[in-house]
Amino acid sequence: MSVHDDLTSVQRCLEDLNRSVGRLEKQLGSGGLEMRRVRADADHLRESVALLREAARTGAPGKRPELVTISDDPYDINLWTDTDDEGLGARDRRAP
C-alpha cells in the first residue's frame, strides 16, 4: 500500500469517527467535559492527518534538524567576567 492509500484509509476512518462522535453528542449532549474532550481529540486527529497529507504531497518528509557538536573543552574563563552567580548575586558582594 502506498502512503496515499494509507492516508485515504485513515481519512475514511476519521470521517466514520466524526459521524459516530456526532451521534454520541446528540444522545449524550455536548456540554459534558468527557464529550468535549472526545470532540477535541477527534478534531486534533483530523488536523494531524491533514498535516500529514500535506507533507506527503510536497514530498518533504520530516526533515531532521542539523546536529551541532558541543565540545567537551572547558569554556574560556573570560566568558564569566562580570556575571552573577545564580542565587548568590555578584562575586564582590555577600549573599543575604
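The following paragraphs describe the fold, the helices, the salt bridges and the surface of a predicted model.

The protein contains two helices and two strands, arranged from the N terminus in the order α-α-β-β. Confidence in the prediction averages a pLDDT of 83, with 82% of the residues reaching 70 or more. That confidence varies between elements: helix α1 (residues 3-28) has the highest mean, 91, and strand β2 (residues 89-90) the lowest, 61. Of the 96 residues, 11% count as buried. The accessible area comes to about 8800 Å², of which carbon and sulfur atoms supply 55%. Among contacts between residues at least 6 apart in sequence, 55% join residues at least 24 apart.

A good place to begin a closer look is helix α1. Its 26 residues should span 38 Å at 1.5 Å a residue, and the C-alpha atoms at its ends are 36 Å apart, in agreement with that expectation. Buried positions in α1 are L7, L14, N18, V21 and G22, and the buried residues of this helix pack against α2. After α1 comes G29, which has a positive phi near 90°.

The pairing of the two helices can also be followed through C-alpha distances. A50, a residue of helix α2, is 39 residues from Q11 in sequence, yet their C-alpha atoms are 8.7 Å apart. A50 counts as partly exposed because its relative accessibility is 44%. R57 also belongs to helix α2; its C-alpha atom is separated by 9.9 Å from that of V3, a residue 54 positions away along the chain.

On the α2 side, R39 deserves a visit of its own. This arginine sits in helix α2 (residues 33-58) and counts as buried because its relative accessible area is 19%, below the 20% cut-off. Beyond its neighbours within four places in sequence, R39 is in contact with N18, V21, G22 and E25. Three of these contacts, N18, V21 and G22, are among the buried residues of α1. R39 also forms a salt bridge with D43, with 3.9 Å between the closest N and O atoms. The two residues are four places apart in helix α2, so about one helical turn separates them. A network of salt bridges links R39 and D43 with E25 and R46.

Across the whole structure, five salt bridges are found. One of them joins the side chains of D16 and R19, with an N to O distance of 2.2 Å. Because D16 and R19 are three residues apart in helix α1, about one helical turn lies between them. Both partners are partly exposed, D16 with a relative accessible area of 39% and R19 with 46%. In helix α2, the side chains of E54 and R57 meet in a salt bridge of 2.8 Å, N to O, and these residues are likewise three apart, about one turn of the helix. Here E54 is partly exposed, at 39% relative accessible area, whereas R57 counts as exposed, at 57%.

Finally, the surface carries a nonpolar patch formed by V68, I70, Y75, I77, L79 and W80, which together have about 750 Å² of accessible area. One member of the patch, V68, lies in the loop between α2 and β1 (84-85). V68 counts as exposed because its relative accessibility is 68%.

Definitions and conventions: Residues are numbered from 1 along each chain as its sequence is written. This is a predicted model: local features need pLDDT of at least 70, side-chain atom pairs count only at pLDDT 80 or more; totals for chains, interfaces and linings use all residues. Side-chain values use heavy atoms; hydrogens and water are left out. Buried means under 20% relative accessible area, exposed over 50%, partly exposed in between (1.4 Å probe, protein chains only). Contact means heavy atoms within 4.5 Å. pLDDT is the predictor's confidence in each residue, from 0 to 100. Patches are made of residues with over 30% relative accessible area and no salt bridge: like charges are joined within 9 Å, nonpolar side chains (Val, Leu, Ile, Met, Phe, Trp, Tyr) within 5 Å. Accessible areas come from the Shrake-Rupley method with a 1.4 Å probe; for residues, only the protein chains shown count as cover. A salt bridge is a side-chain nitrogen of Lys or Arg within 4 Å of a carboxyl oxygen of Asp or Glu. The expected span of a helix is 1.5 Å times one less than its number of residues.
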